[in-house]
Protein chains: 2
Amino acid sequence: MAFENLSDREKKVLACLISHYVTSADPVGSRVIANKFRLGISSATIRNTMQDLEEMGLVLQPHTSAGRIPTDAGYRLFVDMLLGEEHLTETEKRVIHETISAQYGGIDSVLEQTSRVLAELSNQLGVTITPHIEDSVLSRIELIHMAEGKILVVLAFSSGLARTILLEIEASISLPELNAMSQVLNEKLSGLPLGKIRKSAQERLAGTGGNPRLLRLFLDDDSEVWKSDSGTRLHIGGAENLIMKPEFADKEKLTEIIRLINSPQGLIESLRAGDLKDSGIVITIGAENRSREIQSCSIVSASYNAGETKGTIGVIGPTRMPYGKLTSLVKFAAQQLSKVLRNR
Amino acid sequence: MAFENLSDREKKVLACLISHYVTSADPVGSRVIANKFRLGISSATIRNTMQDLEEMGLVLQPHTSAGRIPTDAGYRLFVDMLLGEEHLTETEKRVIHETISAQYGGIDSVLEQTSRVLAELSNQLGVTITPHIEDSVLSRIELIHMAEGKILVVLAFSSGLARTILLEIEASISLPELNAMSQVLNEKLSGLPLGKIRKSAQERLAGTGGNPRLLRLFLDDDSEVWKSDSGTRLHIGGAENLIMKPEFADKEKLTEIIRLINSPQGLIESLRAGDLKDSGIVITIGAENRSREIQSCSIVSASYNAGETKGTIGVIGPTRMPYGKLTSLVKFAAQQLSKVLRNR
DNA sequence: TTTGTCACTCGCTGGCATCGAGTGCTAAAA
DNA sequence: TTTTAGCACTCGATGCCAGCGAGTGACAAA
């Protein structure tokens with residue numbers, strides 16, 4: 001759709017309408033725009049313009065004799081063409097900085113705090129995903145005998161990330177066997193990215209001897225050890241922020257989104273979807289989302305760097321959200337996060 | 001309060017009232033009880049009885065000319081004296097059994113599944129806490145060099161539980177130094193329960209030499225390594241179940257409880273409180289709860305065994321809950337969980 | 001092309017009467 | 001003495017209706 005031929009006035013009216021609707025949550029009438037934004041045109045003119053916008057599918061009337069609200073397409077146009085950068089206040093920057101940096105306890109703790117600060121400052125859902133280790137390079141693998149039949153596998157990645165997997169094995173494994181296996185794994189696999197290891201472990205480890213039962217745990221294509229998502233964690237903060245929003249006055253809707261929060265697989269995909277395209281901010285509006293349950297919501301997300309790999313953070317809320325503000329927020333938080341993780 | 005002198009009839013009426021109210025959520029009138037439960041007495045008699053119950057503070061009227069609803073004290077009496085064991089259906093037992101047993105991926109995954117199945121079968125919040133390792137005996141401690149300035153500490157407990165802590169240290173530590181420290185720690189500390197280690201690490205490790213910077217990480221009273229709660233995790237399932245309950249029609253209430261779910265420290269304490277007293281089922285009703293935010297809710301909880309230590313599982317919902325059913329449910333789930341964890 | 005004006009639409013609000021579930025009380029019955 | 005039937009009364013819930021007002025579309029004037 002070629003919306004470039006929107007007149008200047010049409011753009012302005014759309015922008016004002018969205019800007020007002022985002023805070024009021026009520027259909028916006030021509031008079032409100034005329035009074036609040038002083039565009040130098042009368043409400044009657046604005047009415048005509050709004051009629052045009054409606055024909056283009058950018059706004060709609062919930063019912064006759066109501067004001068207009070933006071459609072998904074309206075938001076899209078706004079985000080693509082009309083979005084002005086909104087700066088964060090110094091206070092906001094400071095809060096983000098302090099929250100994200102002053103952390104002990106590893107990356108998980110940092111990400112949890114980040115999701116909270118995102119939620120708090122946006123008054124939406126704040127979401128963070130642990131780094132996607134698919135392309136992370138394995139620097140070292142350690143096997144530790146925990147108890148009879150239990151082996152702890154520690155994967156250390158050159159990005160500084162660690163992942164532990166507890167394996168269970170029926171056979172009893174002697175310490176020398178374990179050490180031998182550990183050495184073999186390091187020789188054959190370290191220096192390779194995890195994704196490659198998963199696909200080629202079978203060939204690379206074939207014929208290396210060692211305890212066959214133990215070996216088998218590392219060979220399978222779907223071995224727990226090499227699954228890149230097995231340790232992926234999603235932190236979600238601010239679920240309470242959604243409750244008060246009029247969009248979720250309907251309990252069915254609320255139920256749906258709360259359920260979504262608790263079964264995060266789909267959400268992880270939705271959030272990561274943007275990563276591939278771009279390393280900057282990705283905004284997904286309403287029905288553009290893949291999973292049906294979230295099609296009345298928008299996502300503003302960005303990637304952060306953790307060593308050589310990337311993770312995703314973002315904000316989720318109803319399509320009626322302050323895109324400009326959230327863009328700055330998410331961008332700044334992602335930068336801070338990358339900075340903090342680099343200094344580790 | 002001596003409620004033993006309740007007449008047989010009063011007990012019956014209270015039990016019927018609660019039983020009906022639990023499913024209807026509406027104040028229960030005398031006529032409903034007379035018709036539904038066929039006690040052989042007229043509604044007028046029941047009215048008189050209910051008046052007596054109200055004087056005793058066991059039921060109350062939300063407003064004149066409404067039926068009665070149970071008070072916290074009413075539920076308490078019901079739970080203590082009138083609770084009949086309600087058996088689970090075979091289907092329910094099977095679902096629990098299958099969900100809890102067929103699990104890979106360590107105890108965390110099992111507990112998460114457990115919280116979900118509890119939520120699903122109870123239609124309330126299902127909650128599980130990881131085992132309380134305060135009294136767990138350390139069987140082995142391993143130090144692994146992850147990256148420059150990063151050391152992974154692996155604690156293995158004789159119960160078969162493992163915990164990993166990522167430490168950061170400014171100094172660069174050589175491999176021999178690390179191994180030496182590891183050996184010292186094992187010699188001095190293994191065989192001791194974690195709680196004791198925390199209190200006495202300073203004395204026990206004094207004068208053992210080794211890299212002082214490294215050593216210091218294990219000496220502090222509040223060292224991350226020995227904190228028994230640092231790895232405690234709370235799994236909560238079924239938040240969506242609460243939304244539809246009339247008790248949470250008030251958005252403020254709902255907000256409060258959702259917020260509680262996301263900041264679980266208080267919840268952990270509330271849930272563990274019962275553990276100390278008893279190894280069986282603990283039922284905490286309404287205002288009996290410590291933390292204010294949860295005083296309109298009840299908790300049905302039980303301990304499970306994980307080796308020599310214990311954890312807690314439970315169900316949380318409005319005081320209007322089917323205590324009999326939930327008791328059986330939580331008890332059975334705890335048994336299954338203990339069984340599964342023993343076979344690991 | 002823009003603006004002022006006006007008739008019209010339609011959701012929202014508040015008042016009012018009605019309904020009915022449920023009670024407490026009293027007097028009769030057991 | 002205890003239970004029951006009957007009855008007047010309370011009070012929240014429901015439904016209806018009128019009035020309000022925000023907002024529109026259309027049209028004629030600027």
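Which residue of chain A comes closest to the rotation axis? It is A:Thr164, with its C-alpha at 4.1 Å. The axis itself shows up when the two protein chains are compared: a turn of 180 degrees with a shift of 0.0 Å along the axis lays chain A on chain B with an RMSD of 0.1 Å. Copies are superposed here by least squares on the C-alpha atoms of residues with pLDDT of at least 70 in both. That makes the relation one of a two-fold axis. The surface used is the same in both copies, as 100% of the contact residues of chain A recur in chain B.

A word on how to read all this. The model is predicted, so to speak of local features takes a pLDDT of at least 70, and side-chain atom pairs count only at pLDDT 80 or more, while totals for chains, interfaces and linings use all residues. Residues are numbered from 1 along each chain as its sequence is written, with chains lettered from A and ligands numbered from 1 in the order in which they are written. The predictor's confidence in each residue, pLDDT, runs from 0 to 100. Chain A averages 90, and 95% of its residues score at least 70. Among its elements, helix H12 (residues 265-277) has the lowest mean, 78, and strand E2 (residues 69-70) the highest, 97.

Chain A holds 13 helices and 10 strands, taken as DSSP runs numbered from the N terminus (helices: H or I, at least four residues; strands: E, at least two). Its C-alpha trace spans about 85 × 40 × 35 Å along the principal axes. Of its 344 residues, 39% count as buried, meaning that 20 or more other C-beta atoms, placed from the backbone, lie within 10 Å of the residue's own. Contacts are scored when two C-beta atoms, placed from the backbone, lie within 7 Å. Among contacts in chain A with a separation of 6 or more, 60% join residues 24 or more positions apart.

On to the meeting of the two chains. The contact takes 28 residues from chain A and 29 from chain B. On the chain A side, strands E4 (138-147), E5 (150-157) and E6 (162-168) and helices H10 (239-243) and H11 (251-262) give two or more residues each. H11(A) gives the most, with six. By class, this side of chain A has 14 nonpolar, six polar and eight charged residues. (Nonpolar covers Ala, Val, Leu, Ile, Met, Phe, Trp, Tyr, Cys and Pro; charged covers Asp, Glu, Lys and Arg; the others, Gly among them, are polar.)

Then there is the DNA. A residue is near a strand if its C-beta atom, placed from the backbone, lies within 6 Å of it. Of the 20 residues around DNA strand C, A:Ser42, A:Thr45, A:Ser65, B:Gly29 and B:Ser30 come nearest. Helix H3 (43-55) of chain A, along with H2 (30-37) and H3 (43-55) of chain B, gives two or more residues to this surface, and H3(B) gives the most, four. Around DNA strand D there are also 20 residues, of which A:Gly29, A:Ser30, B:Ser42, B:Thr45 and B:Ser65 come nearest. Here the largest share, four residues, comes from H3(A). The surface near strand D has six nonpolar, 11 polar and three charged residues.

Note on methods:
A residue is buried if 20 or more other C-beta atoms lie within 10 Å of its own, exposed if 12 or fewer, and partly exposed in between; C-beta atoms are placed from the backbone.
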